[in-house]
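Dear colleague,

Please find below the structure that I am handing over to you. My notes on it follow directly after.

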Number of protein chains: 2
Amino acid sequence: MGSQTAAVLPAIINGIDVQTAVGTIEAIKADKNLARFQFRVRNRWIDGTQNRSTIKDFYGAGQEDKSRSNAFELVHDEPPILLGNNAGVGPGESLLHALAGCITTTLVLHATARGIVLRQLSTEVQGDVDARGVLGLDESVSPGFGQIRIRMNVKADCSDEELEKLVLYAKEHSTVYNTICRPVPVVLERAPN
Amino acid sequence: MGSQTAAVLPAIINGIDVQTAVGTIEAIKADKNLARFQFRVRNRWIDGTQNRSTIKDFYGAGQEDKSRSNAFELVHDEPPILLGNNAGVGPGESLLHALAGCITTTLVLHATARGIVLRQLSTEVQGDVDARGVLGLDESVSPGFGQIRIRMNVKADCSDEELEKLVLYAKEHSTVYNTICRPVPVVLERAPN
């Protein structure tokens, strides 16, 4: 997108600074190494079904990010029926939260790039788990989610056809969506004791 | 596991109530319908890269769960380099948090079932994303995580061989791990406008 075209767009669309977005995309087009991101989470077991993650640093756009002055701390627990005390959401729920958020942000970014103003965007996500897989009671049952369903409510200043294309594009370009519906290699190694 | 065997185990191992765990497993063995769980997340876009999820109800063990008096609210945002204001972690980081927490809880539950007392358990998770996939700059680049690595630090009152088997078993039975490393169907539908 040339600077003349960008100049006639509003400075902010959908809460996104359009010039910054265009600048980021142009920088990555010019140097693909700037596209490499590495996200990091440190988690520690507290007791029972409770564990906590600390999230702060990451690598991206050619450098270690320094923008976060404090770390985020996120808590997991399970409800009593799954042997916990409801001190936090369960890990499966965190995964559905990740999916909902990623589809949403991806849609907002691509709507902004197309100059489409969003009026409302919400999602309901449901995911099915058969606990026999997790408990190892039946090795023919996958421990993973069997199916995940997203119902999206989105209103925008564009035609229904444009909106349909936008939703499809967001789905096809969401990191978390494509991590769940495609197989992604996960390597686990133990630190030496 | 018979009640006589369970009776000689400590009441609590690794913060898990052993009798409750045994009771849950026996109930699911007797009626596989009790193994069906459905987890739910409601997410709404706030502005820009910020969105929030509300998590409360779920279905499991043959009924709607009523144990949570209040909903959990989780916030997503992005750092400035990804056009946000650091009001929360990014969705990709939520996914890594889900993975770390799920591997951890699965390991704790199976250690408890084996009578293995854990002394310490922490994980560091790293995940690689190439932003060209997300931005649609190169359709040959997956928008999903390219690879995810987990480094686990675990100490337990058992032999190294038993610990190795336990870690492998936890990995093979973790819901989130198996949702990421295997393809899981995700269905997206739009609510009618």
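A:G127 stands opposite B:F39, a residue of β3(B). Please bear in mind that this is a predicted model.

That pair belongs to the pairing between the chains. Strand β8 of chain A (residues 118-130) runs antiparallel to strand β3 of chain B (residues 36-47), and the two are joined over 9 bridges. With the chains exchanged, strand β3 of chain A (residues 36-47) pairs with strand β8 of chain B (residues 118-130), also in the antiparallel sense and over 9 bridges. Here A:N43 has B:T123 of β8(B) as its bridge partner.

β3(A) also pairs within its own chain. It forms 5 antiparallel bridges with strand β4 of chain A (residues 50-55), where A:D47 is bridged to A:Q50. The hairpin of β3(A) and β4(A) leaves 2 residues between the strands, and A:G48 adopts a positive phi near 55 degrees there. A further antiparallel pairing, over 2 bridges, links β3(A) to strand β5 of chain A (residues 58-60); in it, A:Q38 lies opposite A:Y59 of β5(A).

As for the contact between the chains as a whole, 111 residues of chain B touch 111 residues of chain A. On the chain B side, helix α3 (residues 91-113) supplies the largest share, with 15 residues. The class composition of that side is 50 nonpolar, 37 polar and 24 charged residues.

With kind regards

Key. Residues are numbered from 1 along each chain as its sequence is written. Chains are lettered from A and ligands numbered from 1 in the order in which they are written. This is a predicted model: local features need pLDDT of at least 70, side-chain atom pairs count only at pLDDT 80 or more; totals for chains, interfaces and linings use all residues. Two residues are in contact if their C-beta atoms, placed from the backbone, lie within 7 Å. Helices (H or I, at least four residues) and strands (E, at least two) are DSSP runs, numbered from the N terminus. Ala, Val, Leu, Ile, Met, Phe, Trp, Tyr, Cys and Pro count as nonpolar, Asp, Glu, Lys and Arg as charged, and the others, Gly among them, as polar. Two strands pair if DSSP finds at least two bridges between them.
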